[in-house]
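Open the model in your viewer and keep the selection box handy. We'll go stop by stop, selecting a piece and looking at what touches it.

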Amino acid sequence: MKITEKIEKAEAEDRCYWSFEYFPPKTESGAINLFDRMERMYNLGPEFIDVTWGAGGSTSEATLQCVTTSQVAIGLETSMHLTCTNMPKEKIDFALKQCKEVGIMNILALRGDPPHGQTTWTATEGGFSNAIDLVKYIREQYGDYFCIGVAGYPEGHIENPNKDVEFQHFIEKAKLADYCITQLFYEPELYIQWIKKVRAAGCTIPIIPGIMPIQAYAGFQRLIGREKTFVPPQVLADLEAIKEDDQAVKEYGIKLAIDMCDKLRASGQKGFHFYTMNLEKSVRLIVEGLGFVAPIENVKALPWKPSLSKKRKLETVRPIFWRNRTRSYILRTESWDDFPNGRWGDSRSPAYGEIDGYGVSLKCSPEEALKIWGTPTSNADIYKLFADFCQGKLPSLPWCDEMAPESQAIQSLLSNVNMNGFLTINSQPAVDGASSSDPRYGWGPKNGFVYQKSYVEFFVAPAAMDKLIKKLTKNPWITYYAVNKQGDLKTNVQSFGPNAVTWGVFSGHEILQPTIVDGDSFMAWKDEAYELWSKWAEIYPAGSESTKLINDITENWFLMNVVNNNYRDGSAIFEIFDCSHVE
C-alpha cells in the first residue's frame with residue numbers, strides 16, 4: 001500500500017500516525033538482530049518504515065535485503081531510500097525493479113551525501129544531478145506505481161547559503177512528489193513556521209517531521225556539528241550538566257522528543273517520523289510516553305503478521321508451529337506458487353523447503369546465549385530455564401523471543417507445566433467470543449468476535465509422554481501429534497488435514513480461520529525444532545555435561561502438540577498436566 005493511502009486513512013480517522021527509519025547493518029549477525037528488533041517494534045504500530053541507502057550504493061545489497069525482509073517476511077509497509085550519489089541509471093533501474101518485484105510501492109528519492117572520504121558532491125556520469133531529476137525519472141519509468149517521497153529542510157540545506165533559492169528548489173521538488181520527510185531539528189517552532197511557509201507556497205503534500213532522539217552526548221555533538229543544526233540554548237545547557245552520565249543523557253533525549261512532539265501536535269501535526277538509529281528502547285518509550293496506540297487492525301490484521309509480498313496477498317492461513325519464527329516460515333515457503341487461504345483447497349500443503357536451504361540459527365551470539373541460558377547440567381536445570389521464561393525472568397529461548405501477550409493469561413500454568421518436565425515452546429489459551437478490539441486477544445477488523453482453541457506444544461520424555469497419552473484418551477475433545485527426531489509419529493488424529501485453532505467472525509466478511517494445526521506442517525516443523533536443540537548444544541565445549549544433556553533430549557525426547565477442541569473449556573488442557581487453574 002502507498003504511504004499516502006495510509007496517511008489519508010489516519011487523517012480521516014483524526015488520529016496520530018508514526019513511522020521508523022533504520023539503516024542496514026554491516027554484518028550478518030547485525031542484520032539478524034535488526035530483523036528481530038523490527039519484529040518487536042512492529043507491535044508499536046508504525047504506519048511504515050524506511051531503510052537508508054549508503055552513499056554511492058555502498059550498502060545497496062544490504063539495503064535491498066533489509067527492505068525485502070521487512071516487506072515480505074515481517075509484513076511492515078516499507079519505503080526504500082534511493083540516492084543519486086555514484087548511481088548511474090543502470091543501478092537505479094536495478095533497485096527499482098527489485099522493489100517492485102517484492103511489492104514495495106514507496107521510494108524516498110534523495111540526492112544523497114558525498115561518498116565517504118569526499119567533502120563535495122559531484123554528479124555521476126550517466127546518473128542524476130539532484131532529487132528532482134530522480135523523481136522525474138522514476139515517474140517516467142513507472143508512472144504512478146511508486147509513491148515517491150522527498151526530503152525537506154526546515155532550517156534550509158547546509159550546502160546552499162541562499163535560503164530563498166533553496167526553498168524554491170524544495171517547493172519545485174515537493175510539487176512533483178507524494179509526501180515529504182524532514183531533516184532532523186530540535187526547535188519545534190522552526191518547523192511550525194517553515195511548514196506555514198510551505199503551505200503558503202501552494203504545496204499540499206503530507207509532510208512528516210523527522211525526530212532524532214538524543215542517544216549519547218558525544219554522538220549528538222558530532223551530529224549537530226556536521227548538520228549545522230540549531231539547538232535551543234536551554235537544551236545545550238541541560239545536556240552540558242549531565243554529559244558525563246550516559247543514562248541521564250538518554251533519558252533527557254526521550255523527554256525532549258516527547259516534549260517536541262507534543263508541541264508539534266498542539267500545532268496540528270498528526271504524523272511523526274522517528275530516526276531510530278537501529279535502537280529500540282528510546283523510541284518505544286517515546287511512543288508510549290506520547291500515548292500513541294495503533295488501532296488493533298493495524299497491528300494485528302490477523303493473529304500472525306501478514307506478508308506484504310505481492311504473491312502472498314491472498315494468504316490468510318498459516319500453521320501455528322512457526323508462530324515465533326515468522327521469517328523461517330516465509331523462507332521455507334518462498335517457492336510456493338499458491339498459499340493457503342480460507343478455502344484451504346489443494347494448495348494447503350505444498351512441499352516445505354529443506355531447512356538446509358537457508359539454515360537454522362539461534363537469534364543471539366554464543367556469548368549472549370551463555371549469559372542467558374548458563375550451563376545446565378541436569379533436567380531440573382532445563383525445566384527451570386523454561387519455567388523462568390514463562391514467568392518473564394528469561395528474555396528468550398531458542399524457539400521464541402518473548403511470551404505472546406495472550407499467553408500471559410496462562411503464564412503461571414505454563415511455568416508449572418515446565419517444572420513438571422513438559423518443555424513448552426508455543427501455546428495459546430481458549431477464547432470464546434472476545435471482541436476483535438480486545439487489547440490481549442483481539443485481531444482483525446472492528447466490530448467482530450474472535451475465538452480460539454487452547455493449544456500447547458512442548459518437548460517431553462518418552463515415559464512421560466506414554467503416561468500423558470493415557471490421560472488424553474479420557475477426553476474425546478483433545479487431539480494430539482507427537483514425533484521424535486527420527487520421525488516416529490504418534491497421533492489420535494484420523495486425517496492429516498487442517499484443524500482450525502483460531503477463527504474470527506466480522507461484519508460483512510465470511511468467517512476467517514487464519515491459524516491451523518495440520519500433520520504435514522508439523523512433520524516439516526519438527527526438523528527445525530530439533531535443530532534448534534543442536535544449535536543450543538553447540539555453544540558449549542564438545543563432551544561437556546551441558547552438551548551431553550541437550551543432545552540426550554534432542555535424540556530421545558518427543559515433540560508434541562495438544563489441542564482441546566472444546567474452545568469453551570479453558571482448563572481441560574492443563575488438567576492433563578495436573579494443573580487446573582486458569583487466570
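Here is a walk through some helices, sheets and single residues.

Before you click, note that this is a predicted model, where local features need pLDDT of at least 70, side-chain atom pairs count only at pLDDT 80 or more, and totals for chains, interfaces and linings use all residues. Residues are numbered from 1 along each chain as its sequence is written, and side-chain values use heavy atoms, with hydrogens and water left out.

**Stop 1: H2 and H3**

Select residues 28–42, which make up helix H2. Helices here are DSSP runs of H or I with at least four residues, strands are runs of E with at least two, and both are numbered from the N terminus. Now add residues 60–74, helix H3: the two pack at an angle of about 40°, and their axes lie 11 Å apart. Axes are lines fitted to C-alpha atoms, for helices over the stretch in contact, and angles run from 0 to 180 degrees between N-to-C directions. H2 and H3 are therefore oblique to each other; angles under 35 degrees count as roughly parallel, over 145 as roughly antiparallel, 65 to 115 as roughly perpendicular and the rest as oblique. Their crossing is right-handed, meaning the near helix is turned clockwise from the far one by less than a right angle (anticlockwise would be left-handed).

Show side chains next. On the H2 side, the residues that meet H3 are Ala 31, Leu 34, Phe 35, Met 38, Glu 39 and Tyr 42. Their counterparts in H3 are Gln 65, Cys 66, Thr 69, Ser 70 and Ile 74. By class, that contact has 7 nonpolar, 3 polar and 1 charged residues. In this scheme Ala, Val, Leu, Ile, Met, Phe, Trp, Tyr, Cys and Pro are nonpolar, Asp, Glu, Lys and Arg are charged, and the others, Gly among them, are polar.

Zoom in on Glu 39. Is Glu 39 buried or exposed? Glu 39 is buried, with a relative accessible area of 12%; buried means under 20%, exposed over 50%, and partly exposed in between, using a 1.4 Å probe and protein chains only. Leaving aside neighbours within four places in sequence, Glu 39 is in contact (heavy atoms within 4.5 Å) with Ile 74, Lys 305, Thr 326, Arg 327 and Lys 363.

**Stop 2: strand S5**

Select residues 147–152. In this strand, S5, 6 of its 6 residues are buried. Colour the two faces separately: Cys 147, Gly 149 and Ala 151 sit on one side, Ile 148, Val 150 and Gly 152 on the other, and both faces are covered.

Now bring in the partners. Strand S4 (residues 106–110) runs parallel to S5, joined by 3 bridges; two strands pair if DSSP finds at least two bridges between them. Look for Leu 108 opposite Gly 149. Strand S6 (residues 179–184) also runs parallel to S5, with 4 bridges, and Gly 152 stands opposite Thr 182 there.

**Stop 3: H6 and H7**

From Gly 152, measure across to Ile 195 in helix H7. Their C-alpha atoms are 9.8 Å apart, though the two are 43 residues apart along the chain. Ile 195 is buried, at 16% relative accessible area, and beyond its neighbours within four places in sequence it is in contact with Ile 207 and Gln 269.

Select all of H7 (residues 188–200) with helix H6 (residues 163–174): they pack at about 60°, axes 11 Å apart. That makes H6 oblique to H7, and H6 passes H7 in a right-handed crossing. Show Asp 164, Phe 167, Phe 170 and Ile 171 from H6 meeting Trp 194, Lys 197 and Val 198 from H7. The contact divides into 5 nonpolar, no polar and 2 charged residues.

**Stop 4: an antiparallel sheet**

Pick out the five-strand open sheet ordered S10-S13-S18-S14-S15, paired antiparallel. Its edge strands are S10 (423–428) and S15 (489–491), each pairing on one side only. Neighbouring strands are turned by 10° against each other on average, direction ignored.

Inside the sheet, S13 (residues 454–460) and S18 (residues 558–564) pair over 7 bridges; find Phe 459 and its bridge partner in S18, Leu 559. Then add helix H18 (residues 519–537), which packs on the sheet, touching S10, S13, S14 (478–484), S15 and S18. The direction of H18 makes about 50° with that of S14.
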